[in-house]
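Me: I'm new to this one and would like a close look at a single part. Could you pick one strand and walk me through its surroundings?

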Amino acid sequence: QLQLVESGGGLVQPGGSLRLSCVVSGFTFDWVTVGWFRQAPGKEREGVSCIGVSGGSTEYKDSVKGRFTISRDKANNTVYLEMNSLKPEDTAIYYCAAEAYSDLCPWDGMDYWGKGTLVIVSA
């Protein structure tokens with residue numbers, strides 16, 4: 001079955017950068033739509049970014065536009081989330097999620113989830 005493993009979280013100072021990785025296995029990589037979600041303390045889980053199947057589009061939450069970049073590396077079956085100019089409010093557990101055969105990002109219908117990786121932005 002489709003499996004996701006996130007990595008790359010850690011402690012970073014405000015204004016710093018971090019790159020999260022999501023390794024996809026168990027399914028043809030090009031046919032999987034992958035999104036990044038996060039849940040901060042005391043808040044609901046929210047979608048951060050999403051990238052469609054090979055040749056598809058990318059989407060971003062307004063608060064991260066211009067700071068975060070999502071990309072996919074077919075050679076390594078990996079989706080990345082490059083985060084720049086990090087702010088304390090970006091602190092959260094970040095989850096990788098996926099859906100097979102989606103032409104658009106199913107924000108509320110992701111069937112597969114990773115276990116999460118913690119990102120802490122603090123001086």
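**Strand 4 and its surroundings**

Reply: Sure, let's take strand 4, keeping in mind that this is a predicted model. On one side, strand 4 pairs with strand 5 (residues 46-51) through 5 bridges, and the two run antiparallel. The hairpin of strand 4 and strand 5 has 6 residues between the strands, and G42 takes a positive phi there, near 75 degrees. Strand 4 also pairs with strand 9 (residues 92-100): 8 bridges join them, again antiparallel.

W36 is a handy residue to follow. Its bridge partner in strand 5 is S49, while in strand 9 W36 stands opposite C96.

How enclosed is the strand? Of its 8 residues (32-39), 7 are buried, so strand 4 is largely enclosed by the rest of the structure.

Now for the nonpolar side of things. In general, nonpolar side chains tend to be buried together in soluble globular proteins. Here, the largest nonpolar core has 27 residues, and V34, W36, L81, M83 and Y94 are the ones touching the most other members. Strand 4 supplies at least two residues of this core, as do strands 3, 5, 7, 8, 9 and 11. Apart from that core lies another one, of 5 residues, including F37, C50, C105 and M110.

Take M83 as a core member to zoom in on: leaving aside neighbours within four places in sequence, M83 is in contact with G16, S17, L18, L20, R67, F68, Y94 and V119.

Notes. Residues are numbered from 1 along each chain as its sequence is written. This is a predicted model: local features need pLDDT of at least 70, side-chain atom pairs count only at pLDDT 80 or more; totals for chains, interfaces and linings use all residues. Side-chain values use heavy atoms; hydrogens and water are left out. Buried means under 20% relative accessible area, exposed over 50%, partly exposed in between (1.4 Å probe, protein chains only). Helices (H or I, at least four residues) and strands (E, at least two) are DSSP runs, numbered from the N terminus. Two strands pair if DSSP finds at least two bridges between them. A nonpolar core is a set of buried Ala, Val, Leu, Ile, Met, Phe, Trp, Tyr and Cys residues joined through side-chain atoms within 4.5 Å. Contact means heavy atoms within 4.5 Å.
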